[in-house]
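These exercises practise reading a protein model residue by residue. Try each task before reading the solution below it.

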Amino acid sequence: MSRHAALLPATFSRTIEDWLAEDIPSFDYGGYVVGNDDKVATLFCKSDGVLAGVPFFDQWNFEEGAEIMPYGGKVAVAEVRGPARRILMGERLALNILARCSGVASRARRLRTLADTLGFTGVIAGTRKTTPGFRLVEKYGMEVGGADTHRMDLSTMVMLKDNHIWATGSITNAVKSARSVAGFSVKIEVECQSEQDAYEAIDAGADIVMLDNFTPDTLRLAASNVKTKCQSTRNNVLIEASGGITENTAALYMVPGIDIISFGTMTQSVPHVDFSLKIAHETSEPALSTNGVCDF
């Protein structure tokens with residue numbers, strides 16, 4: 001079992017049951033055809049990626065987080081046993097979960113590896129731009145890939161964006177209002193469009209300032225200036241870069257003074273990893289191929 005599996009809440013099994021109910025709202029005609037004879041099915045990975053989603057299969061040939069490279073073929077990565085009807089009942093759901101979870105983990109791993117290669121020691125994070133109803137799987141993929149999940153939901157951190165600020169009249173008003181209910185245990189982040197916004201947020205008591213939609217050049221200068229102000233006032237405010245940053249442009253934003261870079265693209269338009277599930281033929285030999293490369 002993956003060490004990340006311990007992160008999943010007790011309610012997650014109920015979520016899986018709800019997804020199965022969505023897929024089988026009445027009769028399972030295909031299940032009737034195959035019956036309840038015990039079968040063995042093999043899960044194959046058919047494209048490069050980081051393996052994520054281990055809690056959804058029984059027996060794995062690789063550790064979760066392994067980098068699988070089929071080299072144009074396919075690699076047997078897991079095995080599931082049970083009644084044929086039960087295996088096929090969950091086949092498409094499990095493949096969908098694995099494909100997306102592994103896709104998110106793969107992008108997270110590439111971004112973290114890029115940061116490490118460039119000597120950037122800040123946090124590589126996702127965002128709350130997740131698929132409704134599927135957030136837990138996507139955040140799980142971030143964890144497996146080595147990225148930070150950022151806030152899980154609206155209740156785990158206050159993020160004051162432009163609409164909050166416009167609705168209250170100023171950054172100072174918004175931070176003051178948020179602090180009055182969030183208390184000491186909940187961090188407050190403010191989305192800033194300029195250096196002056198960042199200074200106001202810091203003076204108002206924000207814990208994190210987000211430099212949003214800055215170009216790489218303006219970000220480098222603003223991060224240096226804001227960090228200098230924080231140091232001069234002994235303020236440990238974190239500086240986050242976000243907005244329009246992609247895997248292709250990420251290196252340009254990994255500059256001194258930035259503590260966090262968040263990527264909406266870690267979950268939006270992320271390529272999936274290709275998996276398939278095949279029940280063993282009665283006449284075939286039981287040997288499984290695990291040819292391919294696995295990096296830990």
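A pocket, as used below, is an open set of grid points with protein on both sides within 12 Å along at least five of seven lines, and its lining residues have an atom within 4 Å of a point. The model shown is a predicted one.

**Exercise 1. Which helix gives the most to the lining of the largest pocket?**

Solution.
Step 1. Start with the space itself: the largest pocket holds about 490 Å³.
Step 2. Look at the residues around this space. The lining has 19 residues, and F56, V80, R86, I87 and G90 are the closest to the pocket's centre.
Step 3. Assign the lining to elements. At least two lining residues come from each of α1 (12-23), β5 (75-83) and α3.
Step 4. The greatest share belongs to α3, which supplies 8 residues.

**Exercise 2. Is S102 buried or exposed, and what does its side chain reach?**

Solution.
Step 1. Locate the residue: S102 sits in helix α3, which spans residues 84-118.
Step 2. Apply the cut-off. Buried means under 20% relative accessible area; S102 has 0%, so it is buried.
Step 3. Find the polar partners. The S102 side chain reaches the backbone oxygen of L98 at 2.9 Å. A polar atom of that side chain also lies 3.4 Å from the backbone oxygen of V50.
Step 4. List the contacts beyond four places in sequence: S102 touches V50, L51, A52, V273 and F275.

**Exercise 3. Where do the buried residues of α7 fall when seen down its axis?**

Solution.
Step 1. Pick out the buried residues of helix α7 (residues 195-204): A198, Y199, A201 and I202.
Step 2. Look down the axis of α7. The buried residues fall within an arc of 160°, so they line one face of the helix.
Step 3. Recall the helix geometry. An α-helix has 3.6 residues a turn, so residues three or four places apart point the same way.
Step 4. Turn to the face away from the buried side, which carries the exposed residues Q196 and D203.
Step 5. Name the packing partners: the buried residues of α7 pack against α6, β8, β9 (208-212) and α8 (216-232).
Step 6. Move just past the end of α7, where G205 has a positive phi of about 105°.

**Exercise 4. Which residues have the most contacts inside the largest nonpolar core?**

Solution.
Step 1. The largest nonpolar core consists of 46 residues, and V190, I258, I261 and M266 have the most contacts inside it.
Step 2. Take V190 as the example. Beyond four places in sequence, its contacts are L160, I165, I171, V175, A201, A206, I208, V209 and M210.
Step 3. Note that there is a second, separate core of 21 residues, with C45, F57, V77 and L98 among them.

**Exercise 5. H150 and N213 are not glycines and have positive phi. Which of the two counts as buried, and which as exposed?**

Solution.
Step 1. Place H150: this residue is in the loop between α4 (135-145) and β7 (158-160). Its phi is near 60°.
Step 2. Place N213: this residue is in the loop between β9 and α8. Its phi is about 60°.
Step 3. Apply the cut-offs, under 20% for buried and over 50% for exposed. H150 has 16% relative accessibility, so it counts as buried. N213 has 51%, so it counts as exposed.

Note on methods:
Residues are numbered from 1 along each chain as its sequence is written. This is a predicted model: local features need pLDDT of at least 70, side-chain atom pairs count only at pLDDT 80 or more; totals for chains, interfaces and linings use all residues. Side-chain values use heavy atoms; hydrogens and water are left out. A nonpolar core is a set of buried Ala, Val, Leu, Ile, Met, Phe, Trp, Tyr and Cys residues joined through side-chain atoms within 4.5 Å. Buried means under 20% relative accessible area, exposed over 50%, partly exposed in between (1.4 Å probe, protein chains only). Contact means heavy atoms within 4.5 Å. Helices (H or I, at least four residues) and strands (E, at least two) are DSSP runs, numbered from the N terminus. A polar contact is a pair of N or O atoms within 3.5 Å; within protein, one must be able to donate a hydrogen and the other to accept it, and residues adjacent in sequence count only if both atoms are side-chain atoms. The arc is that of the directions from the helix axis to the C-beta atoms. On a 1 Å grid over the protein atoms alone, a cavity is a set of points where a 1.4 Å probe fits but cannot get out, and a pocket is an open set with protein on both sides within 12 Å along at least five of seven lines; lining residues have an atom within 4 Å of a point. Grid points are joined across faces, edges and corners, and a volume is the space filled by probe spheres set on the points.
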